[in-house]
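This report describes how a ligand is held by a protein chain. Look at the structure first, then read on.

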Amino acid sequence: MTMRNIQLDDKGRLRHFLTVEGLTRPILTEILDTAESFAGVGAQAVKKVPLLRGKTITNLFFEASTRTRTTFELAAKRLSADVLNINISTSATSKGESMLDMLRNLEAMHCDMFVVRHARSGAAHFIARHVAPHISVVNAGDGCHAHPTQAMLDMFTIRRHKGEFHKLRIAIVGDILHSRVARSQIHALSLLGAHEIRVIGPKTLIPRDVSTFGVHVFHDMRAGLADVDVVMMLRVQKERMQGAFLPSEHEYYQLYGLTEDKLSCAKHDAIVMHPGPINRGVEIDSRVADGPRSVILEQVTNGIAVRMAIMAMVLGRGASDDAETRRTGDRG
Ligand code: CP
């Protein structure tokens, strides 16, 4: 079974959201447009719309998270869904219950959606293949494989600042090898027609086959940043490194840490992004992270509207539904 078959129903609509790979430009654009319609909900006096009233969404985070877990919870609550947050460390899996048995029990409680983060690549696909037919699965990050909702909130942030993708030159900088974020960003930028995608990093942190993704590879950061519109920084993922990928954090910072000096190679109005958590003084200088060109905290805010859009579409309430419903407060 192909990924497209798993993620899409027989009418080509989103049934699960597991990876950007295999989706289409119209689906990505619908996510961005639907998110745009939700973006004002957070500024309302009553930060809720009744779109998913009566639905139950379960957050299953087998790996640490601050931004993704909390913004999924807020997004679900703003859509008026009921939310369960399963604390994996205190769940019955610690007594030997298998993950699939835990899922069967959650299915018996009439959950409608599982939002899954897991350290193993492929975990969300595995769960999607095993859940009951009425349940949707959204991937909140699996191993080094994919983090598709992060990529979509990044696309939303870029589109808001820079408009059409076909005019943009974008650099993704750092630990590409271990980054599920970078993989999903590259797929999304390609599908949306970005003019040029560059990846910048040391040879040890760039996958050998990366050029098959249609990106240009740079090992010199200043050359790679020349004339770019968007700089997307990545965290150095020490927890995924087995062996010596870096000479030292100090040397990495000298070569690939984003400082004001290196940023001056990009266009004068280039924006700086980072999915978080950030390591100040390793991949980014505080003056850049907190500076006027940083949109890092905007990315976090935008994550709520984008996750609202994805959950609404996956549960069958996409852009074609009553847009007025999204603009009004909770009428329930
Ligand atoms: N960007 C991101 O996935 O952050 P968290 O690990 O805090 O969810």
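The model is predicted, and in this model the ligand sits in the largest pocket.

Which residues surround the ligand? They are Ser65, Thr66, Arg67, Thr68, Arg117, His147, Gln150, Pro275 and Gly276. Sorted by character, this shell is made up of one nonpolar, six polar and two charged residues. Pro275 is counted as nonpolar, and Arg67 and Arg117 are counted as charged.

Some residues of the shell place a polar backbone atom at a short listed distance from a ligand atom, as the table shows.

| Residue | Protein atom | Ligand atom | Distance |
|---|---|---|---|
| Thr66 | backbone N or O | oxygen | 2.8 Å |
| Arg67 | backbone N or O | oxygen | 3.0 Å |
| Gly276 | polar backbone atom | nitrogen | 3.1 Å |

On its own, the ligand has 260 Å² of accessible area, and the protein covers 91% of this area.

The pocket can also be placed within the chain as a whole. How is the protein chain divided into domains? The assignment gives domain 1, which consists of 3–146 + 301–316, and domain 2, which consists of 148–295. Domain 1 is thus written as two stretches of the chain, and domain 2 as one. The C-alpha centres of domain 1 and domain 2 lie 26 Å apart. Where the two domains are in contact, 35 residues come from domain 1 and 26 residues from domain 2.

Both domains take part in the surroundings of the ligand: domain 1 and domain 2 each supply at least three residues of the shell.

Definitions and conventions
Residues numbered from 1 in each chain as written. Predicted model: local features only at pLDDT ≥ 70, side-chain atom pairs only at ≥ 80, totals over all residues. Heavy atoms only, no water. Near = heavy atom within 4 Å. Polar contact = N/O pair within 3.5 Å; in protein donor to acceptor, adjacent residues only side chain to side chain. Areas by Shrake-Rupley, 256 points an atom, 1.4 Å probe, with all protein chains shown as cover. 1 Å grid on protein atoms, 1.4 Å probe; cavity = no way out; pocket = protein on both sides within 12 Å on 5 of 7 lines; lining within 4 Å. Sits in = over half its atoms within 2 Å of the grid points. Domains from an automatic or database assignment. Contact = heavy atoms within 4.5 Å.
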